[in-house]
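Me: Hi! I've got a protein with a ligand on my screen and would like to talk it through. Can you help me find my way around?

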Amino acid sequence: MLNQELGGVALVGTGSAAPQAVLDNGGLERRVETSDEWITTRTGIRRRHLAAPGESLTDLAELAGRRALEMAQMEAADLDLILLATSTPDDLFGSAARVQGQLGATRAVAFDLTAACSGFVFGLVTAAQFLRTGVFRNVLLIGADLMSRWVDWDDRRTCILFGDGAGAVVIRASDRDRLLGFEMRSDGTQNSSLTLNFQAQARSLEPATATDGSPLAVALGTYQTVAMNGPEVYRFAVRRVPEAIEKALFKANRTAADLDWLLLHQANQRIVDAVAQRLEIPPEKVLGNLCEHGNTSAASIPLALDAAVRDGRVKPGDAIATAGFGAGLSWGAAVFEWGA
Ligand code: COA
């Protein structure tokens, strides 16, 4: 049955989880030719949490989800949909269903959403469509990534940037619509700037042949490590992210001056500062966790949101502009108000 009388969405709970093990810049100095000074001044990152071999993305996502449900005072059985934004699932078939099973969200359908570091924003907008049309009432959106599994730990240009974590929000159908505006974009022509590509090795299927008698081979393989053109991604982010936020603000009928908070995907403090400056948003209105977590991909926005909600910085009714950007290339922004 459609609950068309509601028509809007509200974010009513947050949760997060990060692995216990912490690698600081000093530890990285012992592994690759770098320095705490270089990493701190170029990125703002000081530490990152790394999953141990026995830890799973599913468990971290479940924990973040449980904490968000608790804040929302909701049972897992109340959920209609679980969206898991991730590029690093435990299982290439998807990890959302495992999270659903572990949570005991018996009524919920669950699926993964792959949009790299834009995953959380794309997930928020996707969830809103199901809620606004009245198809579902309660959605758990989780952004989770274990980037440490896919980074070349001998490549100083990338390994210093990434960390592991999970963050979640509960989004509910509401008569007051708290998602005020959004913008989502992709540009596959720049895909090679940031990739985690499949690497195939041809495997002959001899003595089997194709039905026409020709030889057959398939491509077996695994994934490479993260490959990135840092300066190109940097330029892309600094140009496209403010544009997307301005479009989302326009659709929300707001200006940057109306915002209480700016919460960007945590990739590099210099990107955050440049975007804030372009939008004329003062540093005290900028949320983030780069220093502690590095770039946790789809997890970075909900991880930082959860911390700010729990320590009381973000209050009910606060207007927040958020933006994700990264591989695809993809980018997106959303303007929303926190709370019921
Ligand atoms: N430690 C010390 N030196 C390093 C280093 C490290 N970890 N990584 C690179 N360098 C060196 C380079 O080799 C280069 O030296 P050279 O001039 O002798 O060749 C120099 O530092 C400058 O490299 P460059 O890549 O131009 O640095 P940068 O100022 O662009 O910073 C990034 C590099 C990766 C921090 C920056 O480009 C960035 O953050 N880009 C965006 C990446 C991103 O956000 N990715 C995820 C998107 S979701």
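Me: Let's start with the ligand. How far is a nitrogen atom of the ligand from an N or O atom in the side chain of Thr34?
Reply: Happy to help! Keep in mind that this is a predicted model. The distance from that ligand nitrogen to an N or O atom of the Thr34 side chain is 2.6 Å.

Me: And which ligand atom does Arg42 reach with its side chain?
Reply: An oxygen atom: a polar atom of the Arg42 side chain is 2.7 Å away from it. Arg156 also has a polar side-chain atom beside a ligand oxygen, in that case at 2.9 Å.

Me: How much of the ligand does the protein bury?
Reply: The protein buries 73% of the 950 Å² that the ligand exposes when taken alone.

Me: How many residues surround the ligand, and which are closest?
Reply: There are 23 residues around the ligand. The closest are Thr34, Arg42, Arg156, Gly230 and Asn268.

Me: OK, zooming out. What domains does the chain have?
Reply: The domain assignment gives domain 1, residues 8-179, and domain 2, which is made of 180-191 plus 227-337. Going back to the closest residues around the ligand, Thr34, Arg42 and Arg156 are among them, and their numbers fall within the 8-179 range of domain 1. Gly230 and Asn268 are also on that list, and their numbers fall within the 227-337 part of domain 2.

Me: Nice, that helps. How many residues does each domain put into the contact between them?
Reply: Domain 1 gives 48 residues and domain 2 gives 43 residues. The centres of domain 1 and domain 2, taken over C-alpha atoms, are 16 Å apart.

Me: Now the sheets. What's the strand order in the one that starts with strand 1?
Reply: The order is 1-7-6-4-5, in an open sheet of 5 strands with mixed pairing. Strand 1 (8-17) and strand 5 (109-113) are the edge strands, so to speak the two ends of the row, each pairing on one side only. On average, neighbouring strands in this sheet are turned by 20° against each other, ignoring direction.

Me: How do strand 4 and strand 5 run, parallel or antiparallel?
Reply: Parallel, and 5 bridges join strand 4 (residues 81-85) to strand 5. As a landmark, Leu84 is opposite Asp112 of strand 5.

Me: Which helix lies across strand 1?
Reply: Helix 10, residues 300-310. Helix 10 also lies across strand 6 (138-146) and strand 7 (164-174), and runs at about 95° to strand 1.

Me: What about the sheet with strand 8 in it?
Reply: That one is an open sheet of 5 strands too, ordered 8-16-15-13-14, and the pairing is mixed. Its edge strands are strand 8 (179-186) and strand 14 (286-287). Inside the sheet, strand 13 (residues 261-264) pairs with strand 15 (residues 319-326) in the parallel sense, over 4 bridges. Leu263 is opposite Thr322 in strand 15.

Me: Last topic, backbone oddities. Where are the cis peptide bonds?
Reply: One joins Glu206 and Pro207, with omega about 5°, and Pro207 sits in strand 10 (residues 198-209). Another joins Gly328 and Leu329, with omega about -10°. Leu329 belongs to the loop between strand 15 and strand 16 (330-337).

Me: And which residue has a positive phi although it is not a glycine?
Reply: Ala116, with a phi of about 50°. You'll find Ala116 in the loop between strand 5 and helix 5 (119-132).

Notes. Residues numbered from 1 in each chain as written. Predicted model: local features only at pLDDT ≥ 70, side-chain atom pairs only at ≥ 80, totals over all residues. Heavy atoms only, no water. Pairing = 2+ DSSP bridges. Axes fitted to C-alpha atoms, helices over the stretch in contact; angles between N-to-C directions. Contact = heavy atoms within 4.5 Å. Near = heavy atom within 4 Å. Polar contact = N/O pair within 3.5 Å; in protein donor to acceptor, adjacent residues only side chain to side chain. Areas by Shrake-Rupley, 256 points an atom, 1.4 Å probe, with all protein chains shown as cover. Domains from an automatic or database assignment.
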